[in-house]
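Please open the model in your viewer and keep the sequence beside it, so that each selection below can be followed in turn.

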Protein chains: 2
Amino acid sequence: MANAPVSIRDVAAYAGVSVGTVSNVLNRPDVVAEPTRSRVQAAIKQLGFIRNESARQLRAGRSRTIGLVVLDVANPFFTDVARGVEDEASESGLAVILCNSDDQQAKETHYLELLEEHRVQGILITPVPGAHDRLARLQRRGTPVVLVDSRSPTHGQCSVAVDDVLGGDLAVTHLLGQQHERIAFVGGPMSFRQVADRHEGAVRALRRAGLRADQLQVIETTALNVPAGKLAGAAIAEMPAALRPTAVFCANDLLALGVLQEMTAHRIRVPDGVAIVGYDDIDFAAAAAVPLSSVRQPRHQLGRTAAQLLLEEALGEASHQHRQVVFEPELVIRQSSLARRQDRPRKAPRAKPPAATTPAVTAPATTTPAAASTPASTAAQPTAVSKAAG
Amino acid sequence: MANAPVSIRDVAAYAGVSVGTVSNVLNRPDVVAEPTRSRVQAAIKQLGFIRNESARQLRAGRSRTIGLVVLDVANPFFTDVARGVEDEASESGLAVILCNSDDQQAKETHYLELLEEHRVQGILITPVPGAHDRLARLQRRGTPVVLVDSRSPTHGQCSVAVDDVLGGDLAVTHLLGQQHERIAFVGGPMSFRQVADRHEGAVRALRRAGLRADQLQVIETTALNVPAGKLAGAAIAEMPAALRPTAVFCANDLLALGVLQEMTAHRIRVPDGVAIVGYDDIDFAAAAAVPLSSVRQPRHQLGRTAAQLLLEEALGEASHQHRQVVFEPELVIRQSSLARRQDRPRKAPRAKPPAATTPAVTAPATTTPAAASTPASTAAQPTAVSKAAG
DNA sequence: GCCGGTGGTTGAATCGTTACATAACCTCCA
DNA sequence: TGGAGGTTATGTAACGATTCAACCACCGGC
């Protein structure tokens with residue numbers, strides 16, 4: 001039987017003080033004299049009083065909550081980001097409402113409404129394509145928005161992202177270094193900026209190597225999960241061996257795992273028959289059938305930084321300047337993309353001296369052409385921070 | 001610039017009606033005459049009015065939210081459960097606050113307080129060991145609690161679980177059937193009911209096969225994640241081959257993946273050197289270095305059912321009876337536990353016999369001894385439903 | 001011409017908390 | 001003795017939405 005909920009009023013009566021005093025004990029204990037304070041605290045304990053957040057929020061005008069909208073909770077990339085967000089939020093005593101838009105505009109819209117009705121402090125979101133108007137409206141009405149793993153086209157909000165063009169470049173440069181020339185890009189929908197950028201990076205690497213852009217075979221998927229990867233993998237497996245790409249760069253690790261499974265199913269050896277590089281370096285990448293090379297993103301850091309920016313905007317001084325933080329990715333080389341015999345002559349190695357003796361080799365930033373502009377920086381630290389007027 | 005938030009009052013003024021009427025338009029549009037209604041709706045749109053959830057909640061006494069507390073968001077098992085919960089909740093227009101206790105009592109307590117302050121409709125929780133008092137107190141104060149993947153010792157609340165003893169039994173019975181006799185159990189802490197039950201099931205299978213219980217080597221871990229699995233794997237790898245278990249049953253798939261990685265690192269072949277069976281059948285199990293045999297749980301269904309029970313208790317009639325729903329697990333056999341050559345005596349050539357032509361073999365329930373008592377039932381449906389007084 | 005409905009609308013009270021202006025009381029010093 | 005100044009405690013007005021009794025206007029029936 002639920003006994004009547006006890007309010008601050010009941011506590012006050014029980015302790016023989018006014019409600020104001022109880023409120024003070026709760027929020028500014030130092031202004032209450034010792035004997036009173038402990039009497040009130042005893043009453044609180046005695047009656048099992050629990051603050052009512054709704055009432056506090058109503059009074060305060062805002063809730064002590066932030067919203068996080070991700071594309072797919074089942075993707076470890078996002079759960080790691082979420083943990084980062086949560087760590088940062090809980091340090092400020094804020095709760096996180098985690099919402100899963102599942103790539104669907106309708107679900108996203110629904111959650112944005114819900115979060116706005118909850119008067120959250122702000123919203124962290126990896127938007128579905130075309131969400132920018134909705135987000136802008138939200139901001140105009142007073143809810144701060146920070147884009148996660150996405151970049152603000154208008155600089156109208158803060159954002160935290162990873163340089164995906166560089167990531168794509170790193171991946172494909174590596175594959176080219178392993179003597180691959182028939183390379184495919186698996187990913188989609190292209191309307192996702194992440195996907196488009198990774199593709200662009202791949203093209204850039206190809207061009208720099210003197211190849212034509214249209215030599216990059218593109219296999220566009222309808223989603224970024226394992227089943228979509230399997231479909232793409234099946235398509236690749238069915239190609240005649242002479243035309244089949246010798247290497248595949250996947251827009252994320254889930255796709256890569258799907259492709260890998262399908263290769264195994266069709267008895268195509270990885271990396272000998274087809275080399276694979278994924279993206280995100282989720283923990284399962286290293287445990288895959290063939291340990292997966294992947295472009296690592298600072299996932300946890302991404303979430304933490306996003307939350308920091310949001311709190312800065314929501315709680316901080318009015319003089320907030322929107323910032324675009326861009327992290328640098330890092331290529332992790334594992335077995336799935338190693339040439340069959342690294343050191344045997346065959347074709348003279350083009351320009352890839354430090355091969356891999358250790359299972360996981362982290363490409364030092366300095367070996368990547370694109371990194372030249374960003375001197376001495378750990379990949380886990382933002383390298384490009386631009387500012388825009390609030 | 002955040003323009004002043006617009007309230008129901010502003011809408012009323014703008015539309016030239018009373019606040020009561022606006023509220024009616026929002027909540028019982030049918031009692032409002034057509035011309036008035038559309039006038040109000042126009043005003044709402046015009047002013048960009050957004051309901052204030054806090055105010056509604058305050059008035060209603062309860063929020064339109066449920067809390068879900070899991071042990072580890074990074075474990076795909078829990079994200080799948082969470083999706084089930086979310087699907088069910090959103091059908092009733094409820095939001096889910098997802099909290100990650102990280103196996104830590106302190107974090108769990110913190111989140112429970114937070115959820116109680118938020119006056120959630122109820123809490124779904126996979127508790128850390130020893131949380132039952134805290135939960136009971138919570139219930140006494142009026143917040144419904146449903147245990148997820150856990151069973152109520154006192155029948156004082158609803159619960160949804162999977163028969164973990166049966167799961168353990170299935171796994172080890174299978175390994176015994178593959179001629180393994182030196183079997184190890186990897187899992188921990190034993191204070192988790194799930195772990196203890198799976199272990200118990202393993203022992204039961206062993207006994208039934210006429211072996212002594214202490215022949216099951218137990219390697220207790222301090223957590224249920226990949227790193228803990230690697231530690232256990234390293235321990236196994238270091239044993240002299242003559243003493244080393246020929247098969248390992250892991251309390252969950254993350255541990256199994258860790259063990260598997262370590263076997264590979266130590267050049268111990270799976271399943272020839274050591275066979276492995278995991279638990280949960282997360283999506284990544286099938287994509288592992290060696291596709292992982294695993295005990296499958298109806299994860300999504302688990303979450304959905306838990307949410308259903310909670311809503312039944314929170315929204316339904318006062319005559320709620322607590323129920324304990326138990327699902328039945330299902331063994332999925334993959335390469336990691338297939339005997340080298342079922343019928344041939346010794347070491348086969350290194351070329352793996354094409355054991356699995358079908359990627360995943362699902363053991364039909366009827367082959368498992370324990371299933372005998374539960375006739376014709378899909379594993380995805382609850383098989384045991386006991387009732388207890390509210 | 002009065003009464004009883006009925007369909008629409010109103011306005012005030014309410015939820016639990018916080019902030020703030022005010023009061024009550026002490027102590028100390030001129 | 002009469003403040004001044006300081007410390008504590010009090011009471012009340014918000015915050016925004018919902019609910020509900022009361023009210024109004026109008027119609028039909030007798």
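Begin at DNA strand C, in what is a predicted model, and select H2 of chain A, which gives the largest share of the surface near that strand, namely five residues. Next add helix H1 (8-15) and helix H4 (53-60) of chain A, and then H2 and helix H4 (53-60) of chain B, since each of these also supplies at least two residues of the surface near DNA strand C. Which residues come nearest to the strand? Of the 27 around DNA strand C, they are A:Ile8, A:Asn52, A:Ala55, B:Gly20 and B:Thr36. Colouring this surface by class shows twelve nonpolar, ten polar and five charged residues.

Stay with chain B and select helix H2 (residues 19-27) together with helix H3 (residues 34-47), whose axes come within 10 Å and cross at roughly 90°; H2(B) is therefore roughly perpendicular to H3(B). Where they meet, show B:Thr21, B:Val22 and B:Val25 from H2(B), and B:Thr36, B:Arg37, B:Val40 and B:Gln41 from H3(B). The residues of this contact divide into three nonpolar, three polar and one charged.

Finally, move to strand S12 (residues 330-333) of chain B, where B:Glu330 and B:Val332 lie on one side and B:Leu331 and B:Ile333 on the other. In a regular strand, side chains alternate between the two faces of the sheet. Are the four residues of S12(B) buried or exposed? All are buried, and both faces of the strand are covered. Add strand S10 (residues 293-296) of chain B, which pairs with S12(B) in the antiparallel sense over three bridges, and find B:Arg296, whose bridge partner in S12(B) is B:Glu330.

Conventions. Residues numbered from 1 in each chain as written. Chains lettered and ligands numbered in written order. Predicted model: local features only at pLDDT ≥ 70, side-chain atom pairs only at ≥ 80, totals over all residues. Axes fitted to C-alpha atoms, helices over the stretch in contact; angles between N-to-C directions. Parallel < 35°, antiparallel > 145°, perpendicular 65-115°, else oblique. Contact = placed C-beta atoms within 7 Å. Nonpolar A, V, L, I, M, F, W, Y, C, P; charged D, E, K, R; others polar. Near = placed C-beta within 6 Å. Buried ≥ 20, exposed ≤ 12 C-beta atoms within 10 Å, placed from the backbone. Pairing = 2+ DSSP bridges.
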